[in-house]
Structure formats: structure tokens, C-alpha cells
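Biologist: Please take one strand of this model and go through it closely. I would like its cover, its partners and its place in the whole.

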Amino acid sequence: MTSNTRAIWNGAISFGLVNIPVALHTATRDSGIDFEWLDKRTMDLVGYKKINKKTGQEVEKEDIVKGISYDNGRYVVISDDEIQNALAESTQIIEIESFVFAAEIPLIYFEHPYYLAPIGKADKAYTLLRETLLKMKRVGIARVVLRTKQHFAAIVPTESALVLILLRWANQIHSWKEINLPPKGGVGLTEREFAMAEQLVEAMSEPWEPEKYQDSFRAKVMALVEEKARTGHIETILRPEVEPEHGALAEVIDFTELLRRSLHTKIANRSEKPKTKTKSAFKSPAAEKN
């Protein structure tokens, strides 16, 4: 599998004893309107200044460090290098910890998608994982470190690609109990009202074709931009260029024997553990008892 987009991260998917070298590619693009801040007097670009809250003076990028509040008014300063060293083993690995049914994860957890593409000689292992997950209707639940931050993630199979979707952590999800909602079953709804609603939904149902839906607001604003440019209302500014970051390349590892050994180890571990009931980590807030 090849890509016309530049990889933003290289590493490997890991499950059991198997490593699949992959490259991470952006799966979405921003189609909104990118307004720039300009000085109306000179038409110069206006940047986002970093200001010292005590002195009011601008702070240069090289003078800014990361601090974590430890006590009232006291901070511990941690550098990016210290974070990288602490997480060295996980910074280039998408570590699958379990597999779950895709339908078990509420949509509210899903945050941002990326494409995963095989690199090196990983096509066979990549295809095996993708086709197995598709057949079993499962997704891989994993952790991944991107830009010195650990993310909760799901590896979701599609017809052609494995997609890494960053997930929100459970403590980031507000319970539906915090807002005022009508009770299950509705408030005095009749069978006739339900029947009519079902008929309307059925009449409006059609195959999923996302290309049919366009950003009409953006189209109208861009039409206004074209009109103003045509009539001479246009300014020239200089725009700096920023190069994306790259990660290190992971090595290709043979996986056939590792699959067998991983399965044997997992079965052995399960037989040694006492049988206890555990709650699903992916229970929807909407599924909580009243």
C-alpha cells in the first residue's frame, strides 16, 4: 500500500509478540474557512503572542518550559526530553491491549481518525490483522504516544485500511445524568405518533453518500471572497512555512511463529487467573441505570 500523503509518525502495531511496522497518515482535512488576523492599518499578519502574565512582556519560544502544578503556586518543570525518556518504550508502539466488538464502544468516545499504512515488508501481517478484525467484527483497543502525550485509541478495520481512532478517556465523558432529559419511552406518545414518525424516517432513508452533503456556508463566503477579489479588494501578505515532524522507523519482525506463541501464552495466563466478573470499560453513559 502506498500513499500520496507524507507520514506524520512511524512505528509499529504490537499485539502479543507480533509487531507490524506502520506509518500514520492524517485521515481528515479541515474544510472550514481559514481566517487570518490582519492589522487593518498595514495588512500585516497578526500572530498569537505568548505573554508573561506578570510582566506583560512577550516571551520567546525558547524561553518557554512545561510546568505541572504540584502545590498551591508551586510547579514542577518537565522537559520534552524527560517525557520522551520516561516513555521511551512506548513512543513508537501502538500497543493493543485487548479486542472488543466495535458496536460496544459508544460514539461519544470517538475523537480523531488517522490511517495506518504498512511499511517495509509488513503487508502480509497488516492484511492478516485487518481481515481478521473485519471477519470477527472486532476492533483493537490500544495506547499510543503522539507528541509526548499518551492517547487511548481504537484500531478499526475498513475494507481497505486499518484506521487508528483516538478515543476520549472514560473520565473525560460526562454522564447523561448531568443534564435534564426526558424518560425512556417518551412523554405520553401514542402508537399513531410512533407509526407516523417511523413512516417519515423510512421515506427519508437512503444509502450513505457523504459526497452529497456540502458546506453551504463556506461556499457562500468563498463566493463573497471571489467577488471582492474580482473588484480589486485584495491584499498581498507573506506566509511562513512549517515542516511536519517525523518519527523513527520500526523494524520488520516475522510474525507467524509469534502468533502461535502469543496465543499459547494468552491461554496459559487465562487458565491461571481466578474467574471473576469484570465490568466492561466501554459501557455507554446512556446504558447506566436510572
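Modeller: The account below starts with the chain, turns to strand β9, and ends with the cores and the salt bridges.

This is a predicted model, in which local features need pLDDT of at least 70 and side-chain atom pairs count only at pLDDT 80 or more, while totals for chains, interfaces and linings use all residues. Residues are numbered from 1 along each chain as its sequence is written, and side-chain values use heavy atoms, with hydrogens and water left out.

The protein chain has 5 helices and 9 strands; helices (H or I, at least four residues) and strands (E, at least two) are DSSP runs, numbered from the N terminus. Along the sequence their order is β-β-β-β-α-β-β-α-β-β-β-α-α-α. Of the 290 residues in the chain, 23% are buried, where buried means under 20% relative accessible area, exposed over 50%, and partly exposed in between (1.4 Å probe, protein chains only). Among contacts (heavy atoms within 4.5 Å) with a separation of 6 or more, 69% are between residues 24 or more positions apart.

Strand β9 covers residues 162-167, and 6 of its 6 residues are buried. In a regular strand the side chains alternate between the two faces of the sheet. In β9 one side carries L162, L164 and L166 and the other V163, I165 and L167, and both faces are covered.

Two strands are taken to pair if DSSP finds at least two bridges between them. Strand β6 (residues 110-118) runs antiparallel to β9 and is joined to β9 by 6 bridges; here Y114 has L164 as its bridge partner. Strand β8 (residues 149-157) also pairs with β9 in the antiparallel sense, over 6 bridges. In that pairing V156 stands opposite V163, and the two strands β8 and β9 form a hairpin with 4 residues between them.

A nonpolar core is a set of buried Ala, Val, Leu, Ile, Met, Phe, Trp, Tyr and Cys residues joined through side-chain atoms within 4.5 Å. The largest one has 26 residues, and L164 is among the members that touch the most others, along with I13, I20, I94 and L116. Elements giving two or more residues to this core are β1 (9-15), β2 (18-26), β5, β6, α2 (123-136), β7, β8 and β9. Another core, of 12 residues, lies apart from it and includes V100, Y109, V156 and I173. I13 also has a contact in β9: leaving aside neighbours within four places in sequence, the residues in contact with I13 include L162, I94, L116 and I155.

Elsewhere, the structure holds 3 salt bridges, each a side-chain nitrogen of Lys or Arg within 4 Å of a carboxyl oxygen of Asp or Glu. One of them joins E97 and R143, with the closest N and O atoms 2.4 Å apart. E97 lies in β5 (residues 93-101) and R143 in β7 (residues 138-146), so this pair ties together parts 46 residues apart in sequence. E97 is partly exposed at 42% relative accessibility, and R143 is partly exposed at 33%. R130 and E131 meet in a salt bridge at 2.9 Å, N to O; R130 is buried, with a relative accessible area of 13%, whereas E131 is partly exposed at 36%. K212 forms a salt bridge with E206, the closest N and O atoms being 2.9 Å apart.
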